Amino acid sequence: MGYDRRAMDEKTGGTLTLDRPAAPEVRAVRVTVTRGPEKGASAIVDRRGLIVGRADGAGLRLSDPSVSSFHVELTAHADGVAVRDLSSHNGTFFAGARLTSAIVPPGSVLEVGATVIQAALEARIAPPEDELASFGPLRGASGVMRAAFAMLARLATTELSILIQGAAGTGKELAARAIHEASRHAAGPFVALDCASIPAGLAASVLFGQERGAGGAKERSGGVLEAASGGTLLLQEVSQLPADVQPKLLHVLETREVTSVGGTEARPVRVRVLATTRKDVREMVNARTFHEDLYIRLAQARVVLAPLADRPEDIPPLVYHFLQSMPPEVEGARTIAREALEELKRREYRGNVRDLRSTVERASLLARGQTITAGDLAFERLLSAERERATRAEPADIAPFKEAKRTLVDEFERDYLKALLLRSGDNLSRASALSGVERHHLRDLFRKHDLWEK
């Protein structure tokens with residue numbers, strides 16, 4: 001199913017058509033052990049990659065004690081084999097050189113601990129037939145994301161625990177919620193817990209609940225596992241889960257029973273667990289900072305959402321999706337000129353899709369007409385640069401809290417009011433309607449920043 005999204009360019013009157021780029025053919029790679037306890041064992045590497053290591057979750061499992069739990073990830077590439085060492089203890093070597101990340105030619109021999117493996121080309125892989133252009137609110141035209149959406153859609157209907165990995169802003173939480181809504185648990189609760197924000201020492205109580213008091217006077221409060229029972233629990237940034245809680249969570253997931261902190265009675269819980277992470281938890285397993293068995297239990301399936309910089313062809317469909325998703329009662333542009341779209345494709349988005357969405361929505365609200373132009377984007381970028389400059393300061397330049405807060409508020413107010421005047425055509429009533437601020441208060445704000453002389 002190809003992707004075809006059209007949007008009118010008011011300036012040229014033309015129609016912009018976005019077609020899915022043709023997926024390049026990729027050869028499969030067979031990895032064979034040529035030296036080591038598993039000599040003769042082999043596995044196929046495709047575009048989804050293969051892990052070599054000692055853990056149960058490795059695609060090519062080795063018993064060599066010098067091999068790490070998750071030692072190296074191998075992925076088929078048009079030019080050979082992409083190799084990424086997962087911070088293994090003894091490293092991955094090619095031609096005597098230790099590799100961190102590289103593409104090696106077909107037939108290459110790699111040293112993995114004391115084991116030697118060889119990667120040879122096999123038949124070409126046919127493009128997947130089940131690619132999707134969207135999953136829930138996620139959109140994409142790139143092959144990597146279409147394949148990811150298809151995998152998410154298929155996994156959603158299973159009971160597997162899923163680990164969603166990706167940089168900030170790539171849509172991990174949106175994907176998790178879409179999995180819940182497409183699953184048999186959709187009628188149940190969806191509970192999200194940010195593991196990075198749990199107060200020190202309280203993780204066990206937050207997860208499992210707590211009982212206080214003695215005898216019949218005991219008071220009990222349930223944790224998030226019970227709150228999510230019958231539905232889905234999302235563990236955001238699961239890599240931040242305290243080490244002392246990890247084996248206890250594993251026990252709950254395996255027995256489907258939870259015992260409150262300070263309690264003795266185990267209660268049944270029926271919950272599907274999803275997890276997100278910005279870090280590669282396999283590297284943490286190798287460093288023994290994350291429980292290996294818990295990782296394997298949480299990552300029964302693992303999906304990676306690529307950063308936007310690796311898939312620029314996804315920018316046009318995302319831009320149109322964001323414009324069309326804006327609430328109808330919000331006044332703003334709903335189309336974009338061709339040259340403005342090209343400008344968005346050239347930009348860098350450190351915050352990935354989230355950053356792109358913010359840019360598009362700001363540009364829509366700041367646009368003078370019904371179509372976002374390159375000029376509108378230039379003004380939006382000016383405001384963004386000012387905001388970013390105001391929030392960045394060298395340590396020696398840090399002002400007292402109240403002073404810094406007042407400065408940021410003043411700069412935000414001034415930038416916002418300037419944009420509001422442009423958008424409203426210097427009409428106070430229109431500016432009041434657009435901003436939701438009473439006319440008299442808005443007039444005072446304009447005068448405060450020397451923007452109103454009437």
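Asp450 lies in the segment that follows helix α14 (439-448), and this residue of the predicted model is a convenient place to begin. Although Asp450 is not a glycine, its phi is positive, at about 55°. Asp450 is also exposed, because its relative accessible area of 66% is over the 50% at which a residue counts as exposed.

A second residue with a positive phi takes the reader to another part of the chain. Glu237, likewise a residue other than glycine, has a phi near 50°, and it is found in the loop between β20 and α5 (246-255). In contrast to the exposed Asp450, Glu237 counts as buried, since its relative accessibility is 11% and the limit for a buried residue is under 20%.

Gln236 belongs to strand β20, which covers residues 232-236. With a relative accessible area of 17%, Gln236 is buried. Once its neighbours within four places in sequence are left aside, the contacts of Gln236 include a run of residues made up of Ala192, Leu193, Asp194, Cys195 and Ala196, and Gln236 is in contact with Glu173 and Thr276 as well.

Arg139, in strand β15 (residues 138-139), offers another example of a buried residue in a strand. Its relative accessibility is 19%, and Arg139 therefore counts as buried, given that the limit is under 20%. Apart from neighbours within four places in sequence, Arg139 is in contact with Ala133, Ser134, Phe149, Leu318 and His321. One of these partners, Leu318, stands 179 residues from Arg139 along the chain, and yet the C-alpha atoms of the two are separated by 6.0 Å.

From here the path leads to the helices. Helix α8 comprises residues 315-325 and helix α9 residues 338-346, and their axes come within 10 Å and cross at roughly 120°. The two helices are therefore oblique to each other, because an angle of this kind lies outside the range of 65 to 115 degrees that counts as roughly perpendicular and is not over 145, where roughly antiparallel begins. The crossing of α8 and α9 is right-handed. On the side of α8, the residues that take part are Ile315, Pro316, Val319 and Tyr320, and in α9 they meet Leu341, Leu344 and Lys345. Sorted by class, this contact between α8 and α9 has six nonpolar residues and one charged residue, with no polar ones.

Aromatic rings provide a further link. A search of the whole structure finds one aromatic pair, and it is formed by Phe70 and Tyr295, whose rings are arranged edge-to-face, with 5.0 Å from centre to centre and 75° between the planes. Phe70 sits in the loop between β6 (60-61) and β7 (72-77), whereas Tyr295 is in helix α7 (residues 292-298), so the pair ties together parts of the chain that are 225 residues apart in sequence. Both Phe70 and Tyr295 are buried.

The chain as a whole can now be set beside these details. It contains 14 helices and 26 strands, and 45% of its 454 residues count as buried. Among the contacts between residues at least 6 apart in sequence, 62% join residues that are at least 24 apart.

Terms used: Residues numbered from 1 in each chain as written. Predicted model: local features only at pLDDT ≥ 70, side-chain atom pairs only at ≥ 80, totals over all residues. Heavy atoms only, no water. Axes fitted to C-alpha atoms, helices over the stretch in contact; angles between N-to-C directions. Helix = DSSP H or I, 4+ residues; strand = E, 2+ residues; numbered from the N terminus. Parallel < 35°, antiparallel > 145°, perpendicular 65-115°, else oblique. Left-handed = near helix turned anticlockwise from the far one by under 90°. Contact = heavy atoms within 4.5 Å. Nonpolar A, V, L, I, M, F, W, Y, C, P; charged D, E, K, R; others polar. Phe/Tyr/Trp six-rings, centres within 6.5 Å; stacked < 30°, edge-to-face > 60°. Buried < 20%, exposed > 50% of the residue type's maximum accessible area, 1.4 Å probe, protein only.
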